[in-house]
Amino acid sequence: MKPSLSRRYILPPHMLTSLAQHGTPEQRTKALQMLGHDHSIRTIRMAQGLLTSKYVGVRPALNTDKALHRIVYDVHGTKDLPGAVVRTEGQPPIQDTCANEAYDGVGWTHAFYLQIYGRNSIDDAGMPLDASVHYSHQYDNAFWDGERMIFGDGDGQLFNRFTCAVDVIGHELTHGVTEDECHLAYVGQSGALNESISDVFGSLVKQYALRQTADQADWLIGHGLFTQQIKGVALRSMSAPGTAYDDPLLGRDPQPAHMSHYVDTVEDNGGVHINSGIPNHSFYLVATRIGGYAWEKAGRIWYETLRDSRLRPTANFRMFARLTLSNAERLYGASSPEWSAVHDAWEQVGVQVPTLAKEY
Ligand SMILES: [Zn+2]
């Protein structure tokens with residue numbers, strides 16, 4: 001069993017900060033509580049990121065049959081994890097929408113990684129995928145704690161139930177994949193890469209579930225989470241970072257799409273949920289230029305890069321970009337349209353990349 005890692009929340013801290021400033025007394029209290037929890041685990045997250053790389057220790061293989069093993073628990077409005085078992089692998093849907101959505105979302109994520117990239121669950125060793133729903137009371141968040149997905153119901157005023165967006169589930173579980181493969185340190189540019197990789201594969205899980213081509217996809221993260229009261233469409237936009245929402249309570253989407261607008265901040269671990277807009281947009285540009293199903297070529301290049309032993313936990317955007325070029329060349333050739341798409345996309349977002357293969 002993997003050690004319990006730090007929590008990865010889907011709601012970014014800048015959104016909670018805005019709520020803490022502009023919300024009702026109840027909203028402010030809840031946002032501050034969540035921010036307080038986030039801050040308190042931040043140093044642990046940093047330390048774990050640096051100490052538990054994949055080069056330390058050997059995990060036991062849990063199962064090799066590549067079968068999916070899901071268990072959905074109901075916490076019944078408490079924080080008593082994991083809660084009571086309400087649906088296990090192979091059982092039919094139950095009356096609870098949240099439990100069924102969690103079951104399906106985890107299933108799509110597992111199927112995506114297995115069918116497309118041959119990956120056997122998060123750790124590639126058949127780790128069972130558990131989810132707990134109805135966490136706490138009107139809880140406005142979802143997170144991965146290193147062992148399971150945990151979903152709040154949302155308060156109904158600002159946020160809907162957090163099980164409703166399959167890309168959010170893909171995003172959260174991909175944090176587990178990244179921790180397993182490279183352990184990109186959750187701070188600064190490596191942290192923004194960590195966030196971006198979760199957005200990339202979260203979006204691909206949704207596109208895979210809907211059988212959408214790059215042109216058909218909405219390239220939004222968390223579409224459906226906001227209630228009608230919020231002026232916005234999603235938490236983030238990969239096609240147009242910085243445009244996902246602009247709301248009196250939640251503030252304005254702060255994501256840049258280009259290095260010239262890179263946000264230097266000490267908040268959010270150095271803007272990991274903010275500057276991820278730059279590599280997010282690069283992936284979007286690659287996928288839409290290549291066309292077809294984004295998971296086939298663009299996704300393959302990103303996945304192989306994540307698994308590349310040269311990708312260090314402290315990698316910055318340029319290092320990551322070079323490795324995507326190297327993997328595009330290995331997979332499709334140095335003068336291939338795929339290589340050119342990757343090269344031009346990084347240039348378009350202002351990340352300098354070499355023009356000649358020998359330079360990376
Ligand atoms: Zn995340």
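This dialogue walks through the zinc site and the salt bridges of a predicted model.

Biologist: Let's start with the metal. Which protein atoms are the donors of the zinc ion?

Modeller: The donors are His 171 (NE2), His 175 (NE2) and two OE atoms of Glu 195. They lie 2.1 to 2.8 Å from the zinc ion.

Biologist: How do I read the geometry of the zinc site?

Modeller: Start from the ideal. Four tetrahedral donors would give angles of 109.5 degrees. Here the angles among the four donor atoms run from 51 to 128°. To count as tetrahedral, all angles must lie between 85 and 135 degrees. The site of the zinc ion is therefore irregular.

Biologist: How are the donor residues spaced in sequence?

Modeller: The pattern is H-x3-H-x19-E. His 171 sits in helix H4, residues 166–181, and Glu 195 in helix H5, residues 188–210, so the pair ties together parts 24 residues apart in sequence.

Biologist: Are His 171 and Glu 195 buried or exposed?

Modeller: Both His 171 and Glu 195 are buried.

Biologist: Now the charges. How many salt bridges does the structure hold?

Modeller: The general idea comes first. Side chains of opposite charge can pair when their charged atoms come close. This structure holds 16 salt bridges. Take Asp 180 and Arg 119: their side chains meet at 3.0 Å, N to O. Asp 180 is in helix H4, while Arg 119 is in the loop between helix H3 (97–117) and strand E4 (129–133), so this bridge ties together parts 61 residues apart in sequence.

Biologist: How accessible are Asp 180 and Arg 119?

Modeller: Asp 180 has 6% relative accessibility and counts as buried. Arg 119, at 1%, is buried too.

Biologist: Which residue forms a salt bridge with Asp 124?

Modeller: Arg 307 does, with the closest N and O atoms 4.0 Å apart. Asp 124 is in the loop between H3 and E4, and Arg 307 is in helix H8, residues 298–307. The two are 183 residues apart. Asp 124 is partly exposed at 33% relative accessibility. Arg 307 is partly exposed at 35%.

Biologist: And where do Arg 289 and Asp 344 lie?

Modeller: Arg 289 is in helix H7, residues 277–290, and Asp 344 in helix H10, residues 337–348. Their salt bridge has its closest N and O atoms 2.8 Å apart. Arg 289 is partly exposed, with a relative accessible area of 47%. Asp 344 is partly exposed as well, at 28%.

Biologist: Which residues do shared salt-bridge partners join into one network?

Modeller: Arg 119, Asp 124, Asp 180, Glu 181 and Arg 307.

Technical notes
Residues numbered from 1 in each chain as written. Predicted model: local features only at pLDDT ≥ 70, side-chain atom pairs only at ≥ 80, totals over all residues. Heavy atoms only, no water. Donors = N, O, S within 2.8 Å, 3.2 Å for Na, K, Ca; no water. Tetrahedral: all angles 85-135°; square planar, octahedral: opposite > 155°, others 65-115°. Helix = DSSP H or I, 4+ residues; strand = E, 2+ residues; numbered from the N terminus. Buried < 20%, exposed > 50% of the residue type's maximum accessible area, 1.4 Å probe, protein only.
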